[in-house]
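Please look over the structure below with its internal spaces, its ligand and its charged pairs in mind. The report that follows takes these topics in turn.

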Amino acid sequence: MSTTQAVQTQTPSYAEVVQGRRSVRHYDPSFTISRDELKDLFAEALKAPSSSNLQPWRFLVIDSPELKQKLLPIANNQQQVVDASAVIAVLGDVESYKLGETIYNRAYEAGYMPEATRDMFIANSTKIYGNLPPEIARKIVYTDGGLVSMQIMLSAKARGYDTVPMGGYNAQKFVEEFKIGERYVPIMLIAIGKAAQEGHPSVRLTVDEVVRWNEFDF
Ligand SMILES: Cc1cc2nc3c(=O)[nH]c(=O)nc-3n(C[C@H](O)[C@H](O)[C@H](O)COP(=O)(O)O)c2cc1C
């Protein structure tokens, strides 16, 4: 297996990235994206917005061939799980408010917020997020997890890689087999790698079919 450098040197435009991204299901199994490059990609994707900036996303990167094989049946035998360089499990931490102090203190130390605001944010986030009904807490991490997932996919495309988001897996089995703690909600899997075959084109509803102005008269 070869560890390979970034596949492209020229940064594509935003339009090229967005127009060019497709779900890719066939990958070059001999191609490895280095962990360093994946870390760079994550650093970019982590710029995604999140509720109260609590950044509840956590990731399990599965890049070991044995573990990819273990994941294969859990993910309905979707071949991309083993052929892609890695599969990123996007997880949402429903107790991410416990890191509020760290986050807001970091913002304070960076000079982004005064001390009083930091203290207010810490107190409020602990009070509000610490007492949410479980369904609301899950909804929040799904929303934030979706945003960061999209950033991962676009960041991958900008680097010359391809991805496919996957909801087609047994989440219950996944948390059991990969020993995911109870506070973490599986949001989606993302296979990432070097395409062996282009993704097939897909259609979209038109803007006029999905957008209304001021009056939501669907
Ligand atoms: C939440 C989610 C779950 C998905 N699950 C799967 C999946 O399990 N397997 C798969 O091959 N594609 C999956 N897809 C990819 C969609 O089929 C694909 O995004 C859609 O057909 C549009 O095609 P495009 O991504 O190439 O634009 C999923 C997409 C999303 C957003």
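## Cavity, ligand shell and pocket

About 80 Å³ of space lies in the largest cavity of this predicted model, a cavity being a set of points, on a 1 Å grid over the protein atoms alone, where a 1.4 Å probe fits but cannot get out. Such a volume is the space filled by probe spheres set on the grid points, which are joined across faces, edges and corners. The lining of the largest cavity has 13 residues, and V94, S96, Y129, I140 and V141 are the closest to its centre; lining residues are those with an atom within 4 Å of a point. By class, nine of the lining residues are nonpolar, two are polar and two are charged, where Ala, Val, Leu, Ile, Met, Phe, Trp, Tyr, Cys and Pro count as nonpolar, Asp, Glu, Lys and Arg as charged, and the others, Gly among them, as polar. Helix α7 (residues 134-158) gives the largest share of this lining, four residues; helices (H or I, at least four residues) and strands (E, at least two) are DSSP runs numbered from the N terminus.

Because the model is predicted, local features need pLDDT of at least 70 and side-chain atom pairs count only at pLDDT 80 or more, while totals for chains, interfaces and linings use all residues. Residues are numbered from 1 along each chain as its sequence is written, and side-chain values use heavy atoms, with hydrogens and water left out.

Around the ligand there are 13 residues, of which S23, R25, Q78, G167 and R204 come nearest, a residue being near if one of its heavy atoms lies within 4 Å. This shell has three nonpolar, six polar and four charged residues, and strand β6 (residues 162-166) supplies its largest share, three residues. The table lists polar contacts with the ligand, that is, pairs of N or O atoms within 3.5 Å.

| Protein atom | Ligand atom | Distance |
|---|---|---|
| G167, backbone N or O | nitrogen | 2.8 Å |
| G168, backbone N or O | oxygen | 2.9 Å |
| S202, polar side-chain atom | oxygen | 3.2 Å |

On its own the ligand has 620 Å² of accessible area, of which the protein covers 63%, by the Shrake-Rupley method with a 1.4 Å probe.

A search of the whole structure finds 14 salt bridges, each a side-chain nitrogen of Lys or Arg within 4 Å of a carboxyl oxygen of Asp or Glu. One of them joins E198 and R22, whose closest N and O atoms are 3.8 Å apart. E198 lies in the loop between β8 (195-197) and α9 (207-210) and R22 in the loop between α1 (14-20) and β2 (26-27), so this pair ties together parts that are 176 residues apart in sequence.

Key: On a 1 Å grid over the protein atoms alone, a cavity is a set of points where a 1.4 Å probe fits but cannot get out, and a pocket is an open set with protein on both sides within 12 Å along at least five of seven lines; lining residues have an atom within 4 Å of a point. A polar contact is a pair of N or O atoms within 3.5 Å; within protein, one must be able to donate a hydrogen and the other to accept it, and residues adjacent in sequence count only if both atoms are side-chain atoms.
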